[in-house]
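This report goes through the structure shown below, starting from a single residue and working out to the overall shape.

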Amino acid sequence: MGTRFLDLVHPDDRAPTAEFFAEIGSREKVADFRNRIVREPGKFSWIQWAATADPESKRIYLTAKDITELARARAEQERTADDLTRLIDTANAPIIGIDAEGRVNEWNQTAARITGFDKAEVLGRNLVNDFITDDYKAAVKEVLDKALRG
């Protein structure tokens with residue numbers, strides 16, 4: 001009690017939090033916002049806020065939900081995805097990914113070096129139709145279809 005709300009907000013989140021409250025305080029609306037609240041020095045919690053403003057009384061009503069574990073899980077997923085992307089891109093073997101329709105969705109640096117096609121040139125294109133010679137299309141399509149079926 002007696003502490004300014006912004007003093008409880010993580011320093012990196014203070015400016016966007018102040019902007020959010022300035023915006024919501026100017027008109028009646030319900031809004032969703034996320035920021036970090038400092039619990040103690042060096043520790044913080046991620047909070048999801050639902051805010052409703054009453055311009056007539058110049059009050060903002062808040063409900064808060066602690067989403068710290070969810071935010072940590074998402075950050076870990078992003079780190080894992082970044083690590084996997086780095087691993088794929090720097091592998092010494094060509095790695096080519098396709099979706100269920102056979103369109104290229106991954107093409108690492110080794111695949112680019114071996115084929116002469118940059119990733120940007122191949123993404124979204126059909127691997128079999130656009131890159132496999134007629135002599136091998138049927139065989140490659142059969143292998144890919146089996147793999148896609150599991």
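The model is predicted. Asn 105 is found in strand E5, which covers residues 104-107. With a relative accessible area of 42%, Asn 105 is partly exposed, because that value falls between the 20% limit for buried and the 50% limit for exposed. Once neighbours within four places in sequence are left aside, Asn 105 is in contact with Gly 97, Ile 98, Asp 99 and Leu 123. Asn 105 and Lys 119 are 14 residues apart along the chain, and their C-alpha atoms are separated by 9.1 Å.

A second residue in a strand can be described in the same terms. Ala 50 is found in strand E2. Its relative accessible area is 34%, so Ala 50 is also classed as partly exposed. The contacts of Ala 50, without neighbours up to four places away in sequence, are Ala 31, Tyr 61, Leu 62 and Thr 63. For Ala 50 and Leu 62, 12 residues apart along the chain, the C-alpha separation is 5.7 Å.

The table sets out these two C-alpha separations.

| Residue pair | Separation along the chain | C-alpha distance |
|---|---|---|
| Asn 105 and Lys 119 | 14 residues | 9.1 Å |
| Ala 50 and Leu 62 | 12 residues | 5.7 Å |

**Nonpolar cores**

In soluble globular proteins, nonpolar side chains tend to be buried together. Which residues make up the largest nonpolar core here? It has 11 residues: Val 9, Phe 20, Phe 21, Ile 24, Ala 31, Phe 33, Ile 37, Ile 47, Trp 49, Ala 51 and Ala 53. At least two residues of this core come from each of helix H2 (14-25), strand E1 (30-40) and strand E2 (43-54). Strand E2 gives the most, with 4 residues. A second, separate core has 8 residues, including Ile 98, Trp 107, Ala 111 and Leu 127.

Ala 31, a member of the largest core, is in contact with Phe 20, Ile 24, Trp 49, Ala 50 and Ala 51, leaving aside its neighbours within four places in sequence.

**Aromatic pairs**

How many aromatic pairs does the ring rule give? The count comes to 4. Phe 5 and Trp 49 form one that is edge-to-face, at 5.4 Å centre to centre with 80° between the planes. This pair links distant parts of the chain, since Phe 5 is in helix H1 and Trp 49 in strand E2, 44 residues apart. The two partners differ in burial class: Phe 5 is partly exposed, with a relative accessible area of 28%, whereas Trp 49 is buried, with a relative accessible area of 10%.

Phe 20 and Phe 33 form a stacked pair, with 4.5 Å centre to centre and 15° between the planes. Phe 20 lies in helix H2 and Phe 33 in strand E1, so the pair ties together parts 13 residues apart in sequence. Both Phe 20 and Phe 33 are buried. Elsewhere, Trp 107, Phe 117 and Phe 131 are linked into a cluster by ring pairs.

**His 10 and Arg 36**

His 10 lies in the loop between helix H1 (5-8) and H2. Is His 10 buried or exposed? Its relative accessibility is 16%, so His 10 counts as buried, because the class takes values under 20%. Not counting residues up to four places away in sequence, His 10 touches Arg 36, Ile 37, Val 38 and Phe 44. Two of these contacts are themselves paired: the charged end of Arg 36 sits over the ring of Phe 44, 5.3 Å from the ring centre.

**Overall shape**

The protein has 7 helices and 5 strands. From the N terminus on, its elements run α-α-β-β-β-α-β-β-α-α-α-α. The radius of gyration is 25 Å, well over the 15 Å that the globule rule gives for 150 residues, so the protein is more spread out than a compact globule. Along the principal axes, the C-alpha atoms fill a box of roughly 75 × 35 × 30 Å.

Of the 150 residues, 25% count as buried. The protein exposes about 10700 Å², and carbon and sulfur atoms supply 53% of this area. Among contacts with a separation of 6 or more, residues 24 or more positions apart account for 25%.

Methods. Residues numbered from 1 in each chain as written. Predicted model: local features only at pLDDT ≥ 70, side-chain atom pairs only at ≥ 80, totals over all residues. Heavy atoms only, no water. Core = buried A, V, L, I, M, F, W, Y, C linked by side-chain atoms within 4.5 Å. Buried < 20%, exposed > 50% of the residue type's maximum accessible area, 1.4 Å probe, protein only. Contact = heavy atoms within 4.5 Å. Phe/Tyr/Trp six-rings, centres within 6.5 Å; stacked < 30°, edge-to-face > 60°. Lys NZ or Arg CZ within 6 Å of the ring centre and 35° of its normal. Rg over C-alpha atoms; globule rule 2.2 N^0.38 Å. Areas by Shrake-Rupley, 256 points an atom, 1.4 Å probe, with all protein chains shown as cover.
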